Amino acid sequence: MLPRDTVAAFFVPVGAVMTKDHVSINREVWDKDAQNWVDLGKRLWSGPPQWGIWGAPETSVTLLPEDMTGLDAVELGCGTGYVSGWMARRGARVTGIDVSSEQLATARQLADAYGAEITFVQGDAEATGFDAGRFDFAISEYGAAIWCRPEVWLREAWRLLRPGGSLVFLGNHPLSIICTPLNGAPCEPVLHRPYRGLWGVDWTEVEIDPSGVTFNLSIADWFALFTEIGFTVTRYQELYAPDEAAETRCWVPSDWAKNYPMEQVWHLSKPV
Ligand SMILES: C[S@@+](CC[C@H](N)C(=O)[O-])C[C@H]1O[C@@H](n2cnc3c(N)ncnc32)[C@H](O)[C@@H]1O
């Protein structure tokens with residue numbers, strides 16, 4: 001686990017000499033991996049909203065306002081842009097920001113294919129450069145939610161929202177991180193890492209499927225951070241694998257995820 005650093009950009013040693021910040025590392029990871037996400041993006045653009053690793057239907061988890069007519073919405077770490085597409089379908093004026101030009105290329109192609117008018121911008125969700133108070137609704141599904149420093153991107157999301165605005169984000173449950181072996185193998189019903197002080201996790205040099213740098217907090221630390229920023233928590237959900245799930249997805253075996261929450265969803269509001 002990585003030491004918490006709430007001020008400076010977060011640097012990871014690469015090889016013996018260089019260091020790179022987490023945003024550059026994650027951009028490279030996603031630029032390289034983007035082709036592997038095109039088919040999933042196509043499938044999700046074409047259907048009704050569903051969420052997370054096992055596709056929890058929107059009709060049961062309700063992450064989006066049903067009617068988004070006239071709302072200004074932003075997706076932070078939009079990837080292939082299907083969440084942006086769903087919001088546009090519900091009537092929102094949507095902006096999607098992502099650090100990876102390759103992911104955005106897919107998002108733009110799919111938006112064109114579906115005739116969706118969405119503004120896609122390349123940038124860092126920790127420092128978007130958008131005007132303050134520009135949005136009514138912000139969302140991240142496995143985007144900023146896991147790839148950005150919580151204390152930085154959540155302050156940025158707060159800045160972007162109008163009073164009365166909402167932020168919803170979905171990512172790994174902290175339990176799934178601490179149950180993941182240090183070599184990056186699928187999670188097990190064993191505590192492999194400390195829960196106390198959970199923050200950055202460097203997956204760049206793990207033996208099995210190395211990737212980038214992700215972030216998570218203990219539940220108490222998430223609450224403390226929301227309170228410090230000024231967000232009100234309106235709902236908290238823990239997601240499990242459905243009964244019929246039978247395989248391992250994204251390093252989470254279904255047997256594990258039927259007994260332990262693999263994902264969490266925070267619903268926050270910025271008070272008026
Ligand atoms: C798993 S995708 C999630 C997005 C979307 N739900 C999807 O699956 O296509 C993660 C995305 O987060 C983006 N990302 C990582 N770090 C970011 C940052 N600092 N700012 C904006 N986007 C970032 C990546 O480029 C990637 O497209």
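The legends below accompany an overall view and several close-up views of a predicted model.

**Figure 1. Overall view of the protein chain in the predicted model.** The secondary structure comprises ten helices and 15 strands. Along the principal axes, the C-alpha atoms occupy a box of roughly 45 × 45 × 35 Å. The radius of gyration is 18 Å, which agrees with the value near 19 Å for a compact globule of 272 residues. Of these 272 residues, 53% count as buried. Among contacts with a separation of 6 or more, 69% are between residues 24 or more positions apart.

**Figure 2. Surface and charges of the protein chain.** The exposed area is about 12,200 Å², and carbon and sulfur atoms supply 53% of it. The chain carries 21 positive and 35 negative charges. The mean positions of the two sets of charges are 4 Å apart.

**Figure 3. Residues 75-169, annotated in UniProt.** The UniProt record, an unreviewed entry, places the feature "domain: Methyltransferase type" at these residues. Over residues 75-169 the chain is 38% helix and 31% strand. The C-alpha atoms at the two ends of this stretch are 10 Å apart.

**Figure 4. Close-up of threonine 62, a residue with positive phi.** Most residues other than glycine have a negative phi. Threonine 62 is not a glycine, yet its phi is about 45 degrees. The residue sits in the loop that runs between helix 3 (58-61) and strand 5 (72-76). With a relative accessible area of 37%, threonine 62 is partly exposed, because the value falls between the 20% and 50% cut-offs.

**Figure 5. Close-up of aspartate 209, a residue with positive phi.** Aspartate 209 is not a glycine, and its phi is about 45 degrees. Its loop lies between strand 10 (200-202) and strand 11 (213-215). The relative accessible area of aspartate 209 is 47%, so the residue is partly exposed.

**Figure 6. Close-up of glycine 52 and its contacts.** Glycine 52 is in the loop between strand 3 (50-51) and strand 4 (56-57). With neighbours within four places in sequence left aside, glycine 52 is in contact with Glu141, Tyr142, Leu170 and Glu263. Leucine 110 is 58 residues from glycine 52 along the chain, and the C-alpha atoms of this pair are separated by 20 Å.

**Figure 7. Close-up of serine 100, a buried residue.** Serine 100 is found in the loop between strand 6 (93-98) and helix 5 (101-113). Its relative accessibility is 0%, so serine 100 counts as buried. Apart from neighbours within four places in sequence, the residues in contact with serine 100 are Arg27, Trp30, Asp31 and Gln122. Asparagine 26 is 74 residues from serine 100 along the chain, and their C-alpha atoms are separated by 8.5 Å.

**Figure 8. Close-up of cysteine 250 in its loop.** The loop holding cysteine 250 is between strand 13 (248-249) and strand 14 (252-253). Cysteine 250 has a relative accessible area of 40% and is therefore partly exposed. From cysteine 250 to threonine 119 the C-alpha to C-alpha distance is 29 Å, at a sequence separation of 131 residues.

Conventions. Residues numbered from 1 in each chain as written. Predicted model: local features only at pLDDT ≥ 70, side-chain atom pairs only at ≥ 80, totals over all residues. Heavy atoms only, no water. Helix = DSSP H or I, 4+ residues; strand = E, 2+ residues; numbered from the N terminus. Rg over C-alpha atoms; globule rule 2.2 N^0.38 Å. Buried < 20%, exposed > 50% of the residue type's maximum accessible area, 1.4 Å probe, protein only. Contact = heavy atoms within 4.5 Å. Areas by Shrake-Rupley, 256 points an atom, 1.4 Å probe, with all protein chains shown as cover. Lys, Arg positive; Asp, Glu negative; His and termini not counted. Charge placed at Lys NZ, Arg CZ, Asp CG, Glu CD. UniProt positions renumbered as here; feature names shortened; annotations may be inferred.
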